[in-house]
Amino acid sequence: MGGAGSVAAGAAVGGRPLIITEDPLLLDDLLRLCAAAGAEPHVHHEVPEPGGTGGPRGPGGSGGSVGWESAPLVLVGDDAARRVRGAPRRDGVFLVGRDLDDPLVWQRAVEIGAEEVLRLPDAESGLVDRIADVVEGAGRPALAVGVIGGSGGAGASTLACALAVRAARTGERTILIDGDPLGGGMDVLLGGEGAEGLRWPDFAASRGRVAAGALEESLPELHALRVLSWDRGDRVVVPPAAMRSVVSAARRRGGVVVVDLPRRVDEAVAEVLAQLDLVLMVVPGELRAVAAAGRVAAGVRMVAGDVRVVVRGRCPGGLDPEAVAALLGVPLAGEVPVEVGLPGRVAEGEAPGTQGRGALSRFCDGFWQRALGSAQGVPA
């Protein structure tokens, strides 16, 4: 796949919206918005006959078999409201216009059973999102979990990788996002630095809505999951808007999204944190690491709604997991004991979490069993 432009444009993989209008200027606006959402609409001047072969078409529209009741979304121009008053009531009808100061517009919306009146250009951004949801068949968003180290060398990237691998092993659609440009690359940790697919620099210019399906298909596939990592180039910054768009697209496909986070919370990282359901902060069970983690936690909690601590190992004479959580003032998500031999196996090219045995995999399996077993919520 050749670059982020094709991802941003997307492709119509779901239903096609129906546009009903004779206003050429409004039609141009709606066709432009559909194109931005990756949708190819049907265009009619009136309600199409049930089972018909298509009615009149506007520029850029298409005929073919489509009906008022079968279209997933209907956009009725204010000029056409009176012509559709007798159509059967249904969900997903919106009355759209460019000048809706006429107080009778609300009466016309009620008469056709419209869910909402949309005034352009003010409502353009929201309308593109609605159209794109139809195209992509958007359902429940992914359960998004971030992993951050409370101190240097805490093992956050290892845990993030293992969580993604174990989620994919359960059959969940899984995307692993490397949010740390200085972390060495999650694709390397998965043994796929040479795998074909897009990396973060390809998305640096992304604006607005990124097509979720095209994003997933563009990423390298490793260990039954998709991974968005960094290349070996010099770019270490992705604009906050691009970060927000890409993470949002990853979530819209459902399943699981795991994000490996850097310890420094800048504007781009804050955009990611705002979209996460849960942040796991990995902290070794010793006092100096807890002191460092306190500063990290303060920054993360300014943006993230749910932060929990994972205690990694116990140093001789160190703190137990409950004491670590108490000192940080965050709930305890669990403990991952030190796994003998894991660093050596990772150095030899074994991705964390690929072996079902061991403390790390057991922790991840237990976490997903609780989290995914509660209607995609994260249990307290």
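**Notes on helix faces, a helix pair and some backbone angles**

1. Let me start at a loop residue: A224 is exposed, its relative accessible area being 55%. That value falls in the exposed class because the cut-off is over 50%. Please keep in mind throughout that this is a predicted model.

2. The backbone of A224 deserves a look too. Its phi is near 70°, a positive value in a residue other than glycine. A224 sits in the loop between β8 and β9.

3. H223 belongs to the loop between β8 (221-222) and β9 (225-228) as well. Here phi is near 55°, again positive in a residue that is not glycine. H223 is partly exposed, with a relative accessible area of 33%.

4. Now to helix α3, which spans residues 104-112 and has V105, R108, A109 and I112 buried. Why do these four lie on the same side of α3? They do so because the arc they cover around the axis is only 105°. The general background is familiar: with 3.6 residues a turn in an α-helix, residues three or four places apart point the same way.

5. What covers that buried set? The cover includes three strands, β3 (74-77), β4 (93-97) and β5 (116-119). W106 and V110, on the other side of α3, are exposed. If you colour the helix by accessibility, R108 is a charged residue to look for among the buried ones.

6. Just after α3 comes G113, where phi is positive, at about 75°.

7. Next, a helix pair. Helix α2 (residues 24-36) packs with helix α4 (residues 124-136) at an angle of about 55°, and their axes are 8 Å apart. That angle makes α2 oblique to α4. The crossing of the two helices is right-handed.

8. Which residues make the contact between α2 and α4? From α2 come L30, R32, L33, C34 and A36, while α4 supplies E124, L127, V128 and I131. By type, the residues of this contact divide into seven nonpolar, two charged and no polar. R32 of α2 and E124 of α4 belong to the contact, and Arg and Glu count as charged.

9. One last backbone point: which kind of peptide bond joins L120 and P121? The bond is cis, with omega at about 10°. P121 lies in the loop between β5 and α4, and α4 is the helix that packs with α2 at about 55°.

Notes:
Residues are numbered from 1 along each chain as its sequence is written. This is a predicted model: local features need pLDDT of at least 70, side-chain atom pairs count only at pLDDT 80 or more; totals for chains, interfaces and linings use all residues. Side-chain values use heavy atoms; hydrogens and water are left out. Buried means under 20% relative accessible area, exposed over 50%, partly exposed in between (1.4 Å probe, protein chains only). The arc is that of the directions from the helix axis to the C-beta atoms. Contact means heavy atoms within 4.5 Å. Axes are lines fitted to C-alpha atoms, for helices over the stretch in contact, and angles run from 0 to 180 degrees between N-to-C directions. Angles under 35 degrees count as roughly parallel, over 145 as roughly antiparallel, 65 to 115 as roughly perpendicular and the rest as oblique. A crossing is left-handed if the near helix is turned anticlockwise from the far one by less than a right angle, and right-handed if clockwise.
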